[in-house]
Amino acid sequence: MDIAVAADHAGFEVKNRIAQMLRDQGHTVLDYGTCDETPVDYPQYGYVVGEAVASGQAERGIVVCGSSLGIAIAANKVPGVRCAAVFEPLMTELARQHNDANMIALSERLTGWEMLVRLVDVFLKTPAEGGRHAYRVQQLFEYTDAQRARTLKAIEAGQVTDAKTPDDLVKAPV
């Protein structure tokens with residue numbers, strides 16, 4: 001599998017170890033840096049791995065920063081990316097099964113090496129279920145300007161305070 005990896009200065013050591021582990025397993029690793037403790041801006045590393053995954057240059061992506069949160073937020077700005085910040089195996093499995101996550105974000109500061117190895121293993125081995133989840137995953141990319149305007153109008157008019165169904169929530173009359 002072709003896997004893109006990157007990290008900021010707070011995650012580069014773990015990223016390097018993960019990249020080597022992946023190579024040892026026979027994967028092709030696209031390493032987008034960074035490679036030392038020189039401070040860098042994590043969004044740029046989330047974006048580059050996101051673009052590699054969204055464009056098909058990589059099948060999956062793994063990004064690392066101090067907490068995993070900022071770099072995941074950045075990666076999710078790239079259309080086509082579904083990046084989950086993960087901390088334990090079940091959430092990693094569900095991110096793949098239910099959300100078809102094509103990237104994960106890991107924390108160098110909050111997660112030990114043995115757990116990181118397990119998270120990467122689960123991420124790479126768990127298939128997406130599709131089925132009822134496929135429609136929901138598709139909705140992640142359908143929040144258009146028109147839907148946003150309609151939703152904001154409904155909120156401002158107080159029409160979604162007691163939404164019982166998704167139709168009540170996003171298709172409230174304005």
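## A walk along the sheet and its neighbours

Start with β3 and strand β5 (residues 103–107): the two run parallel and are joined by five bridges. For one of the pairings, select Gly61, whose bridge partner in β5 is Met103. Keep in mind as you click around that this is a predicted model.

**Zoom out for a moment**

Show the whole protein chain as a cartoon. You should find eight helices and five strands. Trace them from the N terminus and the elements come in the order β-α-β-α-β-α-β-α-β-α-α-α-α. The C-alpha trace spans about 55 × 35 × 30 Å along its principal axes. Colour by burial if your viewer does that: 41% of the 174 residues count as buried. If you draw a contact map, look away from the diagonal, since among contacts with a separation of 6 or more, 65% are between residues 24 or more positions apart.

**The sheet**

Now hide everything but the strands. The five of them make an open sheet with parallel pairing, in the order β2-β1-β3-β5-β4. At the edges are β2 (28–31) and β4, each pairing on one side only. Look down the sheet and you'll see the twist, which averages 25 degrees from one strand to the next.

**Stay on β5**

How many of the residues of β5 are buried? Five of the five, so the strand is largely enclosed by the rest of the structure. Turn on side chains here. Met103, Ala105 and Ser107 go one way, while Ile104 and Leu106 go the other, and all are buried. That fits the usual pattern, in which side chains of a regular strand alternate between the two faces of the sheet.

**One edge: β4 and Cys83**

Step across to β4, which is joined to β5 by three bridges, again running parallel. Pick Ala84 and you'll find it standing opposite Ile104 in β5. Next, select Cys83, also in strand β4. Is Cys83 buried or exposed? Its relative accessibility is 9%, so it counts as buried, the cut-off being under 20%. Draw a C-alpha to C-alpha distance from Cys83 to Ile104: 5.1 Å in space for two residues 21 apart in sequence. Then show what Cys83 touches beyond its neighbours within four places in sequence: Val63, Ala72, Ala75, Asn76, Met103, Ile104 and Ala105.

**The other edge: β1, β2 and Leu30**

Swing over to strand β1 (residues 2–7), which is mostly covered, with five of its six residues buried. Four bridges pair β1 with β2 in the parallel sense, and Val5 has Asp31 in β2 as its bridge partner. Leu30 is in strand β2 as well. With a relative accessible area of 25%, Leu30 is partly exposed. Its C-alpha lies 6.1 Å from that of Ile3, though 27 residues separate the pair in sequence. Leaving out residues up to four places away in sequence, Leu30 touches Ile3, Ala4, Val5, Gln57 and Ala58.

**A buried lysine**

Bring the helices back and select Lys15 in helix α1 (residues 12–24). Lys15 counts as buried because its relative accessibility is just 1%. What surrounds Lys15, apart from its neighbours within four places in sequence? Val5, Ala6, Ala7, Asp31, Gly33, Thr34, Cys35 and Val64 are in contact with it.

**Helix α4**

Go next to helix α4 (residues 89–99) and pick out its buried residues: Pro89, Thr92, Ala95, Arg96 and Gln97. Some of that spacing is familiar helix geometry: an α-helix has 3.6 residues a turn, so residues three or four places apart point the same way. Among the elements covering the buried residues of α4 are β3 (60–65), β4 (83–85), α5 (113–125) and α6 (132–139). At the start of the helix, find Glu88: one of its side-chain oxygens comes within 3.2 Å of the backbone nitrogen of Leu90. Past the other end, check Asp100, which follows α4 and has a positive phi, near 50 degrees.

**Last stop: arginines over rings**

Two side-chain pairs to finish. Select Arg17 and Trp113: the charged end of the arginine sits over the ring, 3.9 Å from its centre. Then try Arg60, whose charged end sits over the ring of Phe123, 5.2 Å from the centre. As for aromatic pairs, the count is zero, with ring centres within 6.5 Å as the cut-off.

How values were computed:
Residues are numbered from 1 along each chain as its sequence is written. This is a predicted model: local features need pLDDT of at least 70, side-chain atom pairs count only at pLDDT 80 or more; totals for chains, interfaces and linings use all residues. Side-chain values use heavy atoms; hydrogens and water are left out. Buried means under 20% relative accessible area, exposed over 50%, partly exposed in between (1.4 Å probe, protein chains only). Contact means heavy atoms within 4.5 Å. A polar contact is a pair of N or O atoms within 3.5 Å; within protein, one must be able to donate a hydrogen and the other to accept it, and residues adjacent in sequence count only if both atoms are side-chain atoms. Two strands pair if DSSP finds at least two bridges between them. Axes are lines fitted to C-alpha atoms, for helices over the stretch in contact, and angles run from 0 to 180 degrees between N-to-C directions. Rings of Phe, Tyr and Trp (its six-membered ring) pair if their centres lie within 6.5 Å; planes under 30 degrees apart count as stacked, over 60 as edge-to-face and the rest as tilted. A charge sits over a ring if NZ of Lys or CZ of Arg is within 6 Å of the ring centre and within 35 degrees of the ring normal.
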